[in-house]
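Hi there,

Here is the structure I promised to send you. Have a look at it first, and then read on for what turned up in it.

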Amino acid sequence: MLITHKIDLDPILKSLPPQFADPRILPRSDPYLSIFCPKADPVQVGWRLHDLSTAIESCRNVHDAYISQAFFKQPNRRSINLFGLTHAWVDLDYYKATGWLADFVKNTGAGPDEVASLVVDRCQEIGIPPTSIQSSGRGLYVKWAFSDMVGMAGAARVRALNRRLVQLFADFGADPAACDVSRVLRVPGSINSKSGTICSTLYSDAAISYDYAELCDEILQFTLDEIRERKAEREKQKNDRRKDHRRRGKMLDRADWACKVISDLTTLAEMRWGGRVPEGYRNEWTWIAAAHLALWLPPHDIEPEVQELLRIWHIEADFIKKNHNLASVINRAKLAAIKNRDDNDPRYKFSKETLIKNLEIDKSEMLILSALIDTDEKYKRHKKARDIKNIPIKIKLAEKNEIKKHQRFDHMKKIVDRIIAGEELSKISISENVGLSTIRRWRSKILIK
């Protein structure tokens with residue numbers, strides 16, 4: 001079982017009734033989350049974090065109210081505006097399940113509480129007890145809170161983590177479509193119009209949260225280091241690797257890299273021009289951004305995400321029609337989806353060196369970037385991390401050397417005491433396994449003192 005961390009509940013969450021409990025960390029700033037009720041009003045409303053309790057209360061006894069699981073920089077759920085993720089989740093439509101679970105529900109008349117108990121048992125077996133389980137009216141939402149906020153750079157791995165959880169809970173009817181970072185789930189306290197039941201929290205434990213990286217390494221079939229090792233092995237032994245392993249590792253690595261590049265582009269634009277990309281840079285920046293979105297998102301999501309990016313960068317909306325590179329990115333992404341292969345992938349791919357050169361990134365800017373850094377900066381960070389990691393080892397070595405120093409002095413003192421007692425130096429040398437010249441040096445050193 002992974003080491004867990006206690007969540008100190010924010011006052012916003014403490015003010016909610018127990019049936020609305022959703023323990024997790026909250027951002028320190030004031031980003032947006034989206035709530036909407038498609039049957040009453042198809043327009044999505046962006047709420048600020050400080051209004052979270054009011055927003056949830058407003059959904060009480062409302063039919064089919066949904067809330068975003070991530071926080072966003074703008075009042076919409078575009079992935080490009082992702083501010084941060086606080087948890088991983090899986091949507092269990094157990095009423096659709098077949099096999100043993102269907103027989104169990106049919107024979108025992110089990111409801112959400114009984115199925116939730118089975119889910120907790122499965123989580124304990126895997127070694128990842130959940131932070132909370134909520135009833136969606138007909139299914140269950142199972143959530144695992146992170147001990148720290150995960151930003152844009154980690155979005156691809158969180159989605160991969162959600163997909164892996166779908167595999168682990170497939171026999172519970174896990175929904176594979178509920179994995180993306182812009183996903184909305186039903187609000188506790190709202191009513192599921194299909195079943196007429198109220199959504200509520202069945203189980204929660206604020207003492208449980210997970211280090212994001214440790215949870216990924218524990219749950220994902222391959223850790224990030226293993227993915228990189230497999231990538232190197234594929235270059236040497238392509239024919240000795242199974243195709244599904246090769247494809248899964250490569251896709252996760254690309255998506256993870258693409259998220260980091262998008263995050264760095266946003267940071268650069270904010271640092272250089274206050275978030276606005278001026279003329280003369282727009283063609284290059286939008287092309288690079290769209291190309292990396294294509295490595296992460298399905299083809300039908302690329303164009304609306306690029307449109308949102310244009311809005312953020314203060315670029316006119318019809319720019320996408322004027323720029324042939326953007327249309328080419330989308331067409332290549334569609335072609336790649338049809339081929340469904342990693343070999344001869346038609347999507348644009350840039351080397352890190354090319355991006356640094358084309359974006360004219362200097363050394364001072366690299367200090368706050370995560371992906372677009374040169375070899376020198378990468379080695380500096382590795383050395384710093386290595387030095388921090390080795391501090392406990394250095395302390396232990398210093399303590400060990402100090403102990404040896406005292407032991408050596410005690411040995412010297414013992415030999416000198418035997419000399420003072422009148423023993424011959426040759427006998428002392430043989431019994432103590434120390435050379436005569438060394439004994440004489442020790443004698444003079446201690447006796448002089």
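Below are some notes on confidence and on salt bridges.

Please keep in mind that this is a predicted model. The protein chain has an average pLDDT of 83, and 88% of the residues score at least 70. Residues 241-251 are a weak spot, with pLDDT under 50. Where pLDDT is low, the predicted coordinates should not be read in detail.

Now for the charged pairs. Side chains of opposite charge can pair when their charged atoms come close. Searching the whole structure gives 17 salt bridges. Here are three of them.

Start with Arg186 and Asp64, whose side chains form a salt bridge at 2.7 Å, N to O. Arg186 sits in strand E8, while Asp64 belongs to the loop between helix H2 and strand E3, so this pair ties together parts that are 122 residues apart in sequence. Arg186 is buried at 9% relative accessible area, and Asp64 is buried too, at 3%.

Next, find Asp256 and Lys260, which meet in a salt bridge of 2.8 Å, N to O. Both lie in helix H8, 4 residues apart, so about one helical turn separates them. Asp256 is buried at 3%, whereas Lys260 is partly exposed at 21%.

Finally, Arg272 and Glu365 form a salt bridge, 2.8 Å from N to O. Arg272 is in helix H8 and Glu365 in helix H14, so the pair links parts 93 residues apart in sequence. Arg272 is partly exposed, at 21%, and Glu365 is buried, at 9%. Elsewhere, Asp22, Arg24 and Lys143 are joined into one network by salt bridges that share partners.

Enjoy exploring!

Technical notes
Residues numbered from 1 in each chain as written. Predicted model: local features only at pLDDT ≥ 70, side-chain atom pairs only at ≥ 80, totals over all residues. Heavy atoms only, no water. pLDDT = per-residue confidence, 0-100. Contact = heavy atoms within 4.5 Å. Salt bridge = Lys/Arg side-chain N within 4 Å of Asp/Glu carboxyl O. Helix = DSSP H or I, 4+ residues; strand = E, 2+ residues; numbered from the N terminus. Buried < 20%, exposed > 50% of the residue type's maximum accessible area, 1.4 Å probe, protein only.
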